[in-house]
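I opened this entry to note what I looked up, one item at a time. The structure comes first, then the notes.

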Amino acid sequence: MSYSIEDIAKRISAKRIGTRKTTINWLLTDSRSLSFPEETLFFALTTKRSKGIRYVFDLYDRGVRNFVVSIEDYVWIESGEWKTDLPSETNESQQNSTIQQPSIILNECNWLIVPNTLKALQRLAEQHRNLFHTPVIGVTGSNGKTIVKEWLHQLLCPDYNIARSPRSYNSQIGVPLSVWQMTDKTELAIFEAGISEPGEMDKLQTIIKPTVGILTNIGGAHQENFSSLQEKCMEKLILFKNCDVLIYNADNEMISNCVGKSMLTAREIAWSKKDADRPLFISKIQKKDDHTIISYRYLEMDNVFCIPFIDDASIENALHCLAACLYLMMPSDQISERMVRLEPIAMRMEVKDGKNGCILINDSYNSDLASLDIALDFLVRRTDKKGLKRTLILSDILETGESTATLYRKVAQLAANRHISKIIGVGSSISSMASRFTMEKYFFRTTEELLASEAFANLNNEVILIKGARPFNFDKVTEALALKVHETTLEVNLGAIVENLNHYRAMLKPETKISCMVKAFAYGSGSYEIAKTLQEHRVDYLAVAVADEGEELRKAGITASIIIMNPELTAFKTMFDYKLEPEVYNFHLLDALIKAAEKEGITNFPIHIKIDTGMHRLGFEEHEISRLINRLKGQNAVLPRSVFSHFVGSDSADFDAFSRNQVTIFERASTELQQAYPYKILRHMCNTAGIERFPEAQFDMVRLGLGLYGINPINNEVINNVSTLKTTILQIREVPQDDSVGYSRKGVLQRPSRIAAIPIGYADGLNRHLGCGNCYCLVNGQKAPYVGNICMDVCMIDVTGIDCREGDHVIIFGNQLPLTVLSDTLDTIPYEILTGISNRVKRIYFQD
């Protein structure tokens, strides 16, 4: 749906400067996600970590001519202060282009000036929503929001033209962008709403204005800003204050009590497995091997349906969907027919190695224009500077409500704007629009035709985005292209990395910088993908152990500043060539570094001075600072960029007096160094635990380590789990009592047992001391203890009484089995478990 720039200015009460005639179809808040510059309106949002106004120069060069900015930001451009405050990633060509002539930008663009750009974005979305009188389903809760939303889409899309939140766009920014997708062809909308602190839901309610509300459940996610689960539940219920109907689990006593207190006027479809007087009574649930049969009564009518899942979470999500379908008067036979075809929602884009040097980005779980735009954005970010061709394998996009010509004109423009080298289309509709695509192209009527084609066989050295609607079975495409690897994998959730980063960022002062530790293969998670994600989220520094790690990141396209924590004397040339900034901790290293830099003709190379305040591992002592200053001031090869120290025991209150003394020593030593220089030298001391326990010691920067990877070092609790180590069952056998399992007969059975062999051993990083019943893994959600000695490549587990079969997944650690269970069993720290995962274990990355 299009708006004129004049109309938008009126709707958000903006002062307009500029007379350019423009029609707006797209809203943008992240400069990296630009697709249609001529029709885009950029909102220059200001957050704790970023100022959107700093990216208008780059966006102007890329074709954007319409901006929503604050009064202060417009003055900032007019005044010329931008000359000393450009983003660090601004490249030289941009610095020599239009940004040298701000008058060009000021005169050629439309500027909508408002007091607050986020409120303007929300106001525009609110007014847009007011134009429509179609049913809107609002979904909130601690878990299951995205699954319920996507399952409702699967169930209802044959009957409705649906607008829905892309992926998990449920925040103060994501919700307005989601609601903007509603058009005059929208017959039903489904939006998620997520909150992290009191006071947020009221604004989301005015934007979404749901007519149907679904509260999934209330759990511990984002609990840190709420005094109780009840307070969080009451906040979430604000979303439903003007709903026609509210759907929730009546068996949850806390939710039921909160609904009662909230005085909502909505009709309730509160489903229950216990109370037959509830509007929707779930009379029976039968779990089978691979499906669940659910019997229910609604409006005095008994019916039954089946879902292809057996876990409790999926059953609860399906019951929420059932209630919504019943309210929308879907016939019971249609519900039964569609429920049995529900597909799992892999709320992620998987990155994995493919055959013939290809990299696969698998997003073959849904297909619409909005999710295609997100997936293409992900593709571009993952191929930046890798030099590989970008290939898109795309099926027909179904049920959009747009004409075929209009839809594929937009698809072709998206592909061209993202510099796609090759498109492979599958389906009759996209094939009929082949002439719209100007890049190398191949089109097929069916997936089977594609799989049998020469074009498919010849794919090599390409980054391939696989994006398809469910009826096209693109899982076959992924399977055919995937490189067959060791069946043990480490899944790494890049979205959780970002959540953990933001968790700790929220504890920092706005001006405090952050350095993230990606040493030791990013704590076993994989350096490049983690570093790329952190770079995208604008951390100030990355830190690795040795220069070789930094070199690999540079070659892979990482441009962020990198600190080398353990520089070797033989690696100076590498550091100079790849702009890797070394830690310097004694005069021997400093003198050698200065000599090497002078030999190369290098001046003012940044270094990071380490002070020993009590660790007694590495670092200059306080009494050496005067001599250090004299040495540094007597040369110009290197100069200090930062000065830092390391807490000994910031994770424990037992050492607080010692820690405070460390801070005192560091303040004296760092101040003495700073006084010798006219420019700012960054000071940093806090590690992950220090960020939380010693906020007064944040100084100019902090170093985030284990917390980034999901473990709170203070109490070993999981923040947001990042890594899941999983494998599969190779073989199951029945073994009689008193027989033994494994080497040296260490696993003598006390009963007739069902023993499974799984392809993971100590060569993969599974510690031998976990064997002989000392620890367990999870098989279909149930504990399976390790039996006997763990071997090099295989170990055995006891699956007696567990419903499982060969080929089933086994979780070594992950969401349901915290990493800390293993580290506690071994009386060690989580670092050791993470960094011990062998490189032969394949890493699979995904984005929530």
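I began with Phe699, which I found in the loop between α28 (688-693) and β31 (701-704). The model is a predicted one, and I kept that in mind for every entry below. Phe699 is not a glycine, yet its phi is positive, at about 50°. Is Phe699 buried or exposed? I looked up its relative accessible area, which is 11%. The cut-off for buried is under 20%, so Phe699 counts as buried.

Next I turned to Arg538, another residue with a loop position, between α22 (527-536) and β25 (541-544). Arg538 also has a positive phi, about 60°, although it is not a glycine. Its relative accessible area is 22%, and I noted it as partly exposed.

Third came Thr603, in the loop between α25 (587-599) and β28 (605-610). I found it partly exposed, with a relative accessible area of 46%. Which residues does Thr603 touch, once neighbours within four places in sequence are left aside? They are Asn636 and Ala637. I then checked the pair Thr603 and Asn636: 33 residues separate them in sequence, while their C-alpha atoms are 5.6 Å apart in space.

I then looked at the surface. Val648, Phe655 and Phe658 make a nonpolar patch of about 270 Å². Of these I followed up Phe655, which sits in the loop between β29 (638-644) and α27 (656-674). Phe655 is partly exposed, and its relative accessible area is 44%. Patch members need over 30% relative accessible area, so the value of 44% for Phe655 passes that cut-off.

After the single residues I went to the sheets. One open sheet has five strands, in the order β2-β7-β6-β5-β4, with mixed pairing. Why does one side of β2 (15-17) and of β4 (26-28) lack a neighbour in the sheet? Both strands stand at the edges and have a single partner strand each, so one side of each is left open in this sense. On average, neighbouring strands here are turned by 25° against each other, direction ignored.

I looked more closely at the edge strand β4. Three bridges join it to β5 (residues 40-43), and the two strands run parallel. Across from Trp26 stands Thr40, in β5. I also noted helix α3 (residues 71-79), which lies across β2, β6 (66-70) and β7 (110-114) and runs at about 110° to β6.

The other sheet I looked up is also open and mixed in its pairing; its nine strands follow the order β9-β10-β8-β11-β12-β13-β14-β15-β16. Its edge strands, β9 (162-164) and β16 (301-307), pair on one side only. Neighbouring strands of this sheet are turned by 20° against each other on average, direction ignored.

Within it, I checked how β13 (residues 267-272) meets β14 (residues 280-287): two bridges join them, and they run parallel. Ser272 has Phe281, in β14, as its bridge partner.

Which helix touches β11 (212-215), β12 (245-249) and β13 and makes about 155° with β12? I found helix α11 (residues 253-262) packed there on the sheet. Helix α12 (residues 312-327) packs on the sheet as well, touching β11, β12, β13, β14, β15 (292-298) and β16. The direction of α12 makes about 145° with that of β14.

Technical notes: Residues numbered from 1 in each chain as written. Predicted model: local features only at pLDDT ≥ 70, side-chain atom pairs only at ≥ 80, totals over all residues. Heavy atoms only, no water. Pairing = 2+ DSSP bridges. Helix = DSSP H or I, 4+ residues; strand = E, 2+ residues; numbered from the N terminus. Axes fitted to C-alpha atoms, helices over the stretch in contact; angles between N-to-C directions. Contact = heavy atoms within 4.5 Å. Patch = residues over 30% accessible without salt bridge, like charges linked within 9 Å, V, L, I, M, F, W, Y side chains within 5 Å. Areas by Shrake-Rupley, 256 points an atom, 1.4 Å probe, with all protein chains shown as cover. Salt bridge = Lys/Arg side-chain N within 4 Å of Asp/Glu carboxyl O. Buried < 20%, exposed > 50% of the residue type's maximum accessible area, 1.4 Å probe, protein only.
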